[in-house]
Amino acid sequence: MAGIALATCLATVPTAVLPAAAHGGPPAATSELVRFYDQRPQWKSCVLGPDDEDGRQLEKAGAQCADITVPLDYARPTGRTITVALSRIRATDTAHRVGPIVFNDGGPGGPSLTSPLAARTAMRDNAARYDLIGLDPRFVGRSTPLDCGWPVGSALVSAGMTRATFDRQVAHQKDLASRCSTRHGAVLPHVTTRNTARDMDVVRGVLGERKISYLGYSYGTYLGTAYTQMFPGRSDRVVLDGAIDPREYRPRLLKGREEIGDRALRAWAAWTARHHATHGLGTSGPRVLRTVERTARAAAVRPLVVGSGPDAYRVDDATVPMVAFAGAADDRDPARHALAGQLSVLARAARGERVEPTPELAEMLDFALTGKQSRYGSAQVAILCGDGTAPRDPEVYWRDIQRSRDRYPLMGPMANNVNPCAFWPDMPREAPVRVERDTPALIVAATGDPRTSYQGSRALRGMLPSSRLLTLEGANHHGVFGEYGNACVDDQVNAYLRTGRLPGADVTCRK
C-alpha cells in the first residue's frame, strides 16, 4: 500500500438505481449503459499459454475465465471501452446456492483473478454454495493493461537517512509520474476506485444477479465500502478484512501510521534477539534495531552490494527500510525468520562482506529495484493519485520526515516520503467516497495490524451501525480470515457466510 482540487461526482452517472430488469440490472440513469449490463460472457479456459501457472491452477480447480467490456469513462459510455478479467468457480451445492462472491486482495493494484483458489480453502464447505469470482480491477493483471515503463516495481520506498537521498527521491518520483503522464495521460483520470466499483456492478449485472457478496482485504475494504455506498441494496454478505477508515484513504496512505509500523518492527526485533545465534543481529530488541539503522546509514554512504556479477543488486538507504517495513506485517515465526534472514544479509553487506540474497530477499529486491513488476506499481499509484490529492511541494514531505525521524528513524521517512502523486496531472475528477448509508458488514481486524490500523476498522464500524467488528486480539498481522490460521476468526466469518446473519454483538478472538 502507498502514498496518494477535488472534482464533483460525475453527474451523468448517479448511483441511484432504476427498476432492475429481470437479469439484475442496469442501475444506470442512461440507456447507453444497458449494453454493458446485457453482455453474455464468453467463458473459456483460464490458461493463456504453456508457462501460465496461474491459469493451470485455476483450470485444475474447475474455474473458467472471461473478459467483460466496460466503459473507460462512465460519463461517456459510447466512447472508448476497456476490459476487466474474471474467473469463476461455479457453486456445486446448487440446493443451497447463495450467489456470487467477488474477491479483492488489496494493493491497490493487486490482481485478484486467482483469489478463488485460496478463498475456496478458507471458506470450507461454504465455497460450494457460492460462485467464486476472481476479478482483476481495471488496468490490473489480465484486465486492459496500464504500464508506465517504470524501472521499479513500486514507488513505495523510504526517503532514506539523508537530505541527499530525499532529493534523489524527489527526482525519482517525478520521473515515475512523468512516465505515466507521457504514456497514459488520457487514461489516468479514469483509473479510480469509483470506476472499479462501477465495473463491479456491471459484473453483477452480467452474471444475472440482483446482489453480490464480497470479501475484500486491505485496500479491498475501501473498494467494498465504495461499492456499498454507490450501489445501495446491491450487496448481500460483505466481509471487510483489515479495514481502512475511508476518511484516511489518500495518496499518502502511510502517513500517520509510523507508530503502528514501528510497534510491529519493535516486536519483530524483540523476537529476533531471542534468535541471535541464528541471525546475528543483536542480543536485545534495541540492539537489533540499531543494527538495522546502521545498515541503512551504511547504505546511504555507499549502496550495499548483494549478489555477484552484472546481476548484483545495489541497495541504498531508500530500500533497506522498505525491506523492514514489508517483512514486519506478519508476526508468525516463519515470516519473522525470513525478515531476520534478509536483514542479516544486508547487515553483512554493510560490513563489506560478499553476500548472496536469501530467496525472499532476492524476490523483494527484484520487485523494488527492477522493472519486472512495473505494471503493479504503475496501477497502484494511478489508482491512489486518481482517488485523492497530495501536496505538490516537496518541502512539505521533507518537514514531515524530519518531524518523525527522531521518534521513528526507520518508519518515519518510510511513511512520509514523497510519491508520484506530488507530480501527477491535475486530479481527481470525483470526490472521495463518503460513508453516508448504513450497510451490514462483518469487519475483521487484528489489534496490531501494522498496515491498516485497528483504529481504522473501529472507525468504519462506527460509520456502519448495522455492521459488526470481529477483533483478533494480540496479533500483528495484516489480513486475518483464511490467512492467519485463527480458528475463532475463521469460524465466525464462515458462520456469517453460511447463514447471512451477523453476530448479535461485536466479537473478540484471541491469538
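How many of the residues score at least 70 in pLDDT, and what does the chain average? The chain averages 93, and 94% of the residues score at least 70; pLDDT is the predictor's confidence in each residue, from 0 to 100.

**View 1. The start of the chain, residues 1–29, with pLDDT below 50.** This is a predicted model, where local features need pLDDT of at least 70 and side-chain atom pairs count only at pLDDT 80 or more, while totals for chains, interfaces and linings use all residues. Residues are numbered from 1 along each chain as its sequence is written, and side-chain values use heavy atoms, with hydrogens and water left out. Beyond near neighbours in sequence, the stretch 1–29 has 100 contacts in the model (contact means heavy atoms within 4.5 Å). Where pLDDT is low, the predicted coordinates should not be read in detail.

**View 2. The largest pocket, with about 1200 Å³ of space.** Its lining has 36 residues, and Ala-326, Met-364, Phe-367, Tyr-376 and Arg-451 are the closest to its centre. Helices H10 (320–327), H11 (333–350), H12 (359–369) and H13 (374–387) each give two or more residues to this lining, and H12 gives the most, with five. Helices here are DSSP runs (H or I, at least four residues), as are strands (E, at least two), numbered from the N terminus. On a 1 Å grid over the protein atoms alone, a pocket is an open set of points where a 1.4 Å probe fits, with protein on both sides within 12 Å along at least five of seven lines; lining residues have an atom within 4 Å of a point. Grid points are joined across faces, edges and corners, and a volume is the space filled by probe spheres set on the points.

**View 3. The second largest pocket, with about 410 Å³ of space.** Here 17 residues form the lining, and Pro-111, Gly-141, Arg-142, Gln-373 and Arg-375 lie nearest the centre.

**View 4. Arg-163 and Glu-395, joined by a salt bridge.** Their side chains meet at 2.7 Å, N to O (a salt bridge is a side-chain nitrogen of Lys or Arg within 4 Å of a carboxyl oxygen of Asp or Glu). Arg-163 sits in helix H4 (residues 163–184) and Glu-395 in helix H14 (residues 394–405), so this pair ties together parts that are 232 residues apart in sequence. Arg-163 is partly exposed, at 30% relative accessible area, and Glu-395 is partly exposed too, at 29%. Buried means under 20% relative accessible area, exposed over 50%, and partly exposed in between (1.4 Å probe, protein chains only). A search of the whole structure finds 30 salt bridges.

**View 5. Arg-198 and Glu-430, a buried pair.** The closest N and O atoms of this salt bridge are 2.8 Å apart. Arg-198 belongs to helix H5 (residues 193–206), while Glu-430 is in the loop between H15 and strand S9 (442–446).

**View 6. Asp-262 and Arg-266, a salt bridge within helix H7.** These two lie four residues apart, about one turn of the helix. Asp-262 counts as buried at 12% relative accessibility, whereas Arg-266 is partly exposed at 39%.

**View 7. Thr-225, buried in helix H6.** Thr-225 has a relative accessible area of 1%. Leaving aside neighbours within four places in sequence, Thr-225 is in contact with Leu-240, Pro-246, Val-435 and Leu-460.
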